[in-house]
Amino acid sequence: MDIKICQTIKKLRLSNNISQETLANALGISTQAISKWENLRALPDITLLPDIAVFTNEYYSEYKAQYINHTFVMQARKL
């Protein structure tokens with residue numbers, strides 16, 4: 001199963017009862033940015049991954065691996 005980082009962030013956010021607004025405020029970004037991630041229209045900046053991981057009590061390495069995998073897939077689609 002190919003789990004995209006954006007779907008993982010949404011799953012963790014919802015399972016921890018965290019609103020998009022709360023996560024956005026904690027990261028210093030807009031709620032629209034969170035919405036774009038969760039609707040697979042954009043990817044979070046990789047520099048935000050440690051903060052997302054801390055906020056959702058998950059491991060950064062899991063996010064980083066998914067981000068790298070998703071980025072490679074997106075680049076391959078452009079070829």
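1. A good place to start is how the chain folds back on itself: among contacts (heavy atoms within 4.5 Å) in the protein chain between residues at least 6 apart in sequence, 52% join residues at least 24 apart.

2. Please keep in mind that this is a predicted model, where local features need pLDDT of at least 70, side-chain atom pairs count only at pLDDT 80 or more, and totals for chains, interfaces and linings use all residues. Residues are numbered from 1 along each chain as its sequence is written, and side-chain values use heavy atoms, with hydrogens and water left out.

3. The protein chain has five helices and zero strands, taken as DSSP runs numbered from the N terminus (helices H or I, at least four residues; strands E, at least two). Of its 79 residues, 33% count as buried, that is, under 20% relative accessible area with a 1.4 Å probe, protein chains only.

4. The largest nonpolar core has 12 residues, including I5, W37 and I52; such a core is a set of buried Ala, Val, Leu, Ile, Met, Phe, Trp, Tyr and Cys residues joined through side-chain atoms within 4.5 Å. Helix 1 (5-15), helix 2 (20-27), helix 3 (31-38) and helix 4 (49-55) each give two or more residues to this core.

5. L27 is one of the core residues. Beyond its neighbours within four places in sequence, L27 is in contact with I34, W37, L48, D51 and I52.

Notes: Buried means under 20% relative accessible area, exposed over 50%, partly exposed in between (1.4 Å probe, protein chains only).
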